[in-house]
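Q: Please look at the structure shown below. The questions that follow ask on what grounds each description of it rests.

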Amino acid sequence: MRKFRVNSQLVKSHKGDCLPAPIPIITPKAYMPPVLSHAIVEELAGLGAIVHTCSRNEDELNCCLGDWMTKGFQVTESVCDVSAQLQRKDLMETVSSVFSGKLNILINNAGTNIRKPTIEYTAEEFSTIITTNFESAFHLSQLAYPLLKSSGKGSVVFISSVAGLVALGIGTASAACKGAINQLTRDLACEWAKDNIRTNAVAPWYIKTSLVEHVLKNKELLEKITYRTPLQRPGEPKEVSSLVAFLCLPASSYITGQVIPVDGGLTVNGFYPIL
Ligand SMILES: NC(=O)c1ccc[n+]([C@@H]2O[C@H](COP(=O)([O-])OP(=O)(O)OC[C@H]3O[C@@H](n4cnc5c(N)ncnc54)[C@H](OP(=O)(O)O)[C@@H]3O)[C@@H](O)[C@H]2O)c1
């Protein structure tokens, strides 16, 4: 079991690994797990990080905060709709003030989806998906840049999707956003490397969260997912959050610009029969 010592700059383990602190995480969450953001907050806070998270729902946030406090986690929060430009600015001003202008980690996790054939998207639905899934991540990264740079060692992790790598038929608007995020990951890795800021993305396949609960409850769809996935099951939130944490640790200090699938082997399976 690793033990972490916290001082003003670093959270260190006795093995010499270190997790820079303070470590805000700019990611929406919801009241009860399973949501990825909840697992990510707990993963990082469990490693000794100081986390700032956000959600649109104040009551749910407060419930989570109470729970995290009893677990001894250092988490603060903002109510924020990340699809709204002004709220994003307010959020980052709060973050700057809470962490004295220095940020080690930014996690862009907010996401939504509307599953329907491409020609059926209304302009409003398209706009909701683009602003929530892509514009928010782009703008929050812009706003976070000076803070990440000031910290001297920054890490940005985007929560993408395998839908940004292969065609899945789950909604082209969201999939296109994830594809854009993947390229943003690569470009920022090169643009911001001079500032010692790494950028990576994790690309999950089906993970048991409220976003896809209705899909996984459908026996026929679940069977298809299981049949197509080499590891023959959907993933757990913890299986994504552990990779996110790794990408924030010095153990990953030479990894940048990568989009890493967390998909039970889905994206490497050409036509291998799974019996
Ligand atoms: N679960 C999967 O199978 C899967 C697969 C691939 C990729 N992903 C990606 O993983 C990320 C997290 O998804 P999840 O599975 O945890 O989904 P989820 O259970 O629906 O949670 C999505 C989170 O995004 C937040 N959110 C959505 N719109 C927001 C907005 N405008 N402002 C602030 N927060 C907003 C919600 O927070 P509030 O409602 O509390 O505001 C919620 O906590 C998403 O980017 C998603 O695309 C998930």
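Q: What is the volume of the largest pocket in this predicted model?
A: The space in the largest pocket comes to about 990 Å³. Its lining holds 41 residues, and those nearest the centre are Asn109, Ala110, Gly111, Thr112 and Leu211. Two or more lining residues come from each of helix 1 (36-46), helix 4 (123-151) and helix 5 (172-191).

Q: What makes a residue part of the lining of a pocket?
A: A lining residue has an atom within 4 Å of a point of the pocket. In the largest pocket, 41 residues are counted as lining. By class they divide into 19 nonpolar, 17 polar and 5 charged residues.

Q: What is the volume of the second largest pocket, and which residues lie closest to its centre?
A: The second largest pocket has a volume of about 280 Å³. It is lined by 16 residues, with Leu168, Trp205, Tyr206, Ile225 and Arg228 closest to the centre. Helix 7 (residues 219-228) supplies the largest share of this lining, 4 residues. The classes in the lining are 10 nonpolar, 3 polar and 3 charged.

Q: How do you know how much confidence the predictor places in the protein chain?
A: The mean pLDDT of the protein chain is 90, and 88% of its residues reach 70 or more. Over residues 1-18, however, pLDDT stays under 50, and the model has 35 contacts there beyond four places in sequence. Residues 29-33 also stay under 50, with 18 such contacts.

Q: Why is strand 7 (residues 154-159) described as largely enclosed by the rest of the structure?
A: A residue is buried when its relative accessible area is under 20%. In strand 7, 6 of the 6 residues are buried, and therefore the strand is largely enclosed by the rest of the structure. Both faces are covered, with Gly154, Val156 and Phe158 buried on one side and Ser155, Val157 and Ile159 buried on the other.

Q: What makes strand 6 (residues 105-108) and strand 7 a pair?
A: Pairing requires at least two bridges between the strands. Strand 6 and strand 7 are joined over 4 bridges in the parallel sense, and they count as paired. Asn108 stands opposite Phe158 of strand 7.

Q: On what grounds are strand 4 (residues 50-55) and strand 5 (residues 74-79) said to pair, and in which sense?
A: Against the requirement of at least two bridges, strand 4 and strand 5 have 6, and they pair in the parallel sense. Ile50 stands opposite Gln74 in strand 5. Strand 4 is mostly covered, since 5 of its 6 residues are buried.

Q: Why is Ala245 called buried or exposed, as the case may be?
A: The cut-off for buried is under 20% relative accessible area. Ala245 has 3% relative accessibility and therefore counts as buried. Ala245 is found in helix 8 (residues 237-248). Apart from its neighbours within four places in sequence, Ala245 is in contact with Glu43, Leu44 and Leu47. The C-alpha atoms of Ala245 and Ile105 are separated by 10.0 Å, although these residues are 140 residues apart along the chain.

Q: How do you know whether Ser100 is buried or exposed?
A: Exposed means over 50% relative accessible area. Ser100, at 64% relative accessibility, therefore counts as exposed. Ser100 lies in the loop between helix 3 (85-98) and strand 6.

Q: What is notable in the phi values of Ser100 and Asn196?
A: Most residues other than glycine have a negative phi. Phi of Ser100 is near 50°, a positive value in a residue other than glycine. Phi of Asn196 is near 60°, likewise positive in a residue other than glycine. Asn196 is found in the loop between helix 5 and strand 8 (197-204).

Q: Why are Asn196 and Phe138 called partly exposed?
A: The term covers values between the limits of 20% and 50% relative accessible area. Asn196 has 40% and is therefore partly exposed. Phe138 has 37% and is therefore partly exposed. Phe138 has its place in helix 4. The C-alpha atoms of Phe138 and Asn108, 30 residues apart along the chain, are separated by 8.9 Å.

Note on methods:
Residues are numbered from 1 along each chain as its sequence is written. This is a predicted model: local features need pLDDT of at least 70, side-chain atom pairs count only at pLDDT 80 or more; totals for chains, interfaces and linings use all residues. Side-chain values use heavy atoms; hydrogens and water are left out. On a 1 Å grid over the protein atoms alone, a cavity is a set of points where a 1.4 Å probe fits but cannot get out, and a pocket is an open set with protein on both sides within 12 Å along at least five of seven lines; lining residues have an atom within 4 Å of a point. Grid points are joined across faces, edges and corners, and a volume is the space filled by probe spheres set on the points. Ala, Val, Leu, Ile, Met, Phe, Trp, Tyr, Cys and Pro count as nonpolar, Asp, Glu, Lys and Arg as charged, and the others, Gly among them, as polar. pLDDT is the predictor's confidence in each residue, from 0 to 100. Contact means heavy atoms within 4.5 Å. Buried means under 20% relative accessible area, exposed over 50%, partly exposed in between (1.4 Å probe, protein chains only).
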